[in-house]
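Work through the exercises below with the sequence and the model side by side. Each task is followed by a solution that goes step by step.

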Amino acid sequence: MILYSAPMAGYTHYAFRNLLRLFGGVDLIATEMISARSFTEMEARRRDLPSRLYGIKDEARPLTVQIWDNNPETLSFFANRLASEYKVSVIDLNFGCPARQIAGKNESGAYLLQYPERIGDIVRRVVGAAAGTPVSAKIRLGRTRDTVNAADVAQAVEDAGAVSLTVHGRTAADMYRGKADWDEIAKIKPKLRTIRLIGNGDIGSAEEALFRLRNYPVDGVMIGRGCVAKPWVFRQIKQSLTAGETALQEPSGQEMSRIVAVHLAALRQQFTESVALALIRKMMCRFISGLPGARKFRNDICAVKSADAFMTLVNRQWGVDNKYPITDNKADSAE
Ligand SMILES: Cc1cc2nc3c(=O)[nH]c(=O)nc-3n(C[C@H](O)[C@H](O)[C@H](O)COP(=O)(O)O)c2cc1C
């Protein structure tokens with residue numbers, strides 16, 4: 001049973017991936033989707049490379065880098081560089097994004113679902129260019145409810161040499177409305193011979209992940225929004241799978257304080273202090289949801305202007321001495 005974190009544009013940047021590793025339990029972590037065309041053009045003009053490549057060269061492995069475009073040559077060029085120079089663990093092809101900017105004018109992402117043979121051609125060429133680095137794909141059920149064709153696309157992806165396929169149980173037309181249809185995901189499994197099928201959609205807790213893993217014919221699950229709200233969810237799932245624990249443990253105040261300090265430091269490496277604070281505020285508002293004092297904490301963290309003041313509030317909320325100030329670079333080994 002494999003646990004994947006989902007690629008999420010605007011969320012799964014370097015610092016967030018680091019945060020997931022600190023909590024543990026996740027088998028494969030994905031970047032945000034990166035435009036193959038931007039990479040190719042920026043490199044040709046010797047300009048700065050896409051900011052979403054930040055951290056990828058040096059961070060821990062395993063790491064999946066997700067890429068998008070509709071041109072097999074452009075994708076192959078980028079895939080080759082990711083394999084040879086960046087030495088990433090897996091290259092994932094995005095055939096599921098329904099956003100207008102991707103699936104509309106750029107005819108990429110979920111737009112391609114209507115052409116399983118084009119998807120097969122892209123996967124085959126990228127597998128060749130990736131020279132041994134595994135290639136995977138992520139799709140939705142189809143373009144619309146009337147044209148669900150995930151099984152055909154899955155077969156094209158398998159025949160072209162990918163190692164795994166993630167299916168988000170909605171169509172492109174659904175966007176994020178309604179519920180992910182896991183029965184449709186299940187229908188794909190009998191059509192596949194070798195590649196792993198990863199189910200995705202609406203897993204918000206460890207209990208829901210365990211339910212999907214036990215009741216649907218998938219080799220693993222991918223979690224997106226659920227791990228933004230609870231980055232420790234993978235550890236809870238792993239604990240239940242391996243030790244059969246029934247009481248799922250939440251992070252202690254000490255751990256929360258230590259990990260938030262490390263996360264803030266990682267955000268500050270990549271972003272300015274005000275952007276880092278904005279990003280971590282958004283995240284902490286999710287963590288605090290439903291806990292005592294949530295409203296006051298939310299108001300207080302919205303008013304602070306420095307990372308140190310922010311950490312003081314976090315430590316107070318989680319009942320920890322001001323032990324992990326953000327200026328302490330050794331915060332993650334202090335405990
Ligand atoms: C803010 C946001 C950004 C996303 N960005 C990507 C992306 O870059 N690539 C991708 O394949 N899917 C992307 N997705 C879709 C997720 O990977 C996932 O398929 C979807 O959220 C359903 O899973 P969940 O219910 O566990 O969140 C994004 C979703 C959200 C909410």
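**Exercise 1. Find which residues of helix 12 meet which residues of helix 13, and describe how the two helices are arranged.**

Solution. On the helix 12 side, the residues that take part are Arg-281, Met-284, Cys-285 and Ile-288, and they meet Ala-294, Phe-297, Arg-298, Ile-301 and Cys-302 of helix 13, where contact means heavy atoms within 4.5 Å. Helices here are DSSP runs of H or I with at least four residues, strands are runs of E with at least two, and both are numbered from the N terminus. Sorted by class, this contact has seven nonpolar, no polar and two charged residues; Ala, Val, Leu, Ile, Met, Phe, Trp, Tyr, Cys and Pro count as nonpolar, Asp, Glu, Lys and Arg as charged, and the others, Gly among them, as polar.

The model is a predicted one, in which local features need pLDDT of at least 70 and side-chain atom pairs count only at pLDDT 80 or more, while totals for chains, interfaces and linings use all residues. Residues are numbered from 1 along each chain as its sequence is written, and side-chain values use heavy atoms, with hydrogens and water left out.

For the arrangement, the next step is to look at the axes, which are lines fitted to C-alpha atoms, for helices over the stretch in contact, with angles that run from 0 to 180 degrees between N-to-C directions. The axes of helix 12 and helix 13 come within 10 Å and cross at roughly 175 degrees. The two helices are therefore roughly antiparallel to each other, a description used for angles over 145 degrees, whereas those under 35 count as roughly parallel, 65 to 115 as roughly perpendicular and the rest as oblique.

**Exercise 2. Decide which residues of helix 13 are buried and which are exposed.**

Solution. Begin with the cut-offs: buried means under 20% relative accessible area, exposed over 50%, and partly exposed in between, with a 1.4 Å probe and protein chains only. In helix 13, which spans residues 294–303, the buried ones are Ala-294, Phe-297, Asp-300 and Ile-301. They lie on the same side of the helix because they cover an arc of only 130 degrees around the axis, the arc being that of the directions from the helix axis to the C-beta atoms. Arg-295, Lys-296, Asn-299 and Ala-303 are exposed on the other side. Helix 12 (273–288) and helix 14 (307–317) are among what covers the buried residues.

**Exercise 3. Locate the salt bridge partners of Asp-300 and Lys-57, and say where each pair lies in the chain.**

Solution. A salt bridge is a side-chain nitrogen of Lys or Arg within 4 Å of a carboxyl oxygen of Asp or Glu, and a search of the whole structure finds 23 of them. Asp-300 pairs with Lys-296, with the closest N and O atoms 2.8 Å apart; both residues lie in helix 13, four residues apart, about one turn of the helix.

Lys-57 pairs with Glu-85, the closest N and O atoms being 2.9 Å apart. This pair links distant parts of the chain, 28 residues apart, since Lys-57 is in the loop between helix 2 (36–44) and strand 3 (63–68), and Glu-85 in the loop between helix 3 (72–84) and strand 4 (90–95). Lys-57 counts as partly exposed at 43% relative accessibility, and Glu-85 is also partly exposed, at 34%. Both residues belong to a network of salt bridges that links Glu-43, Lys-57, Arg-81 and Glu-85.
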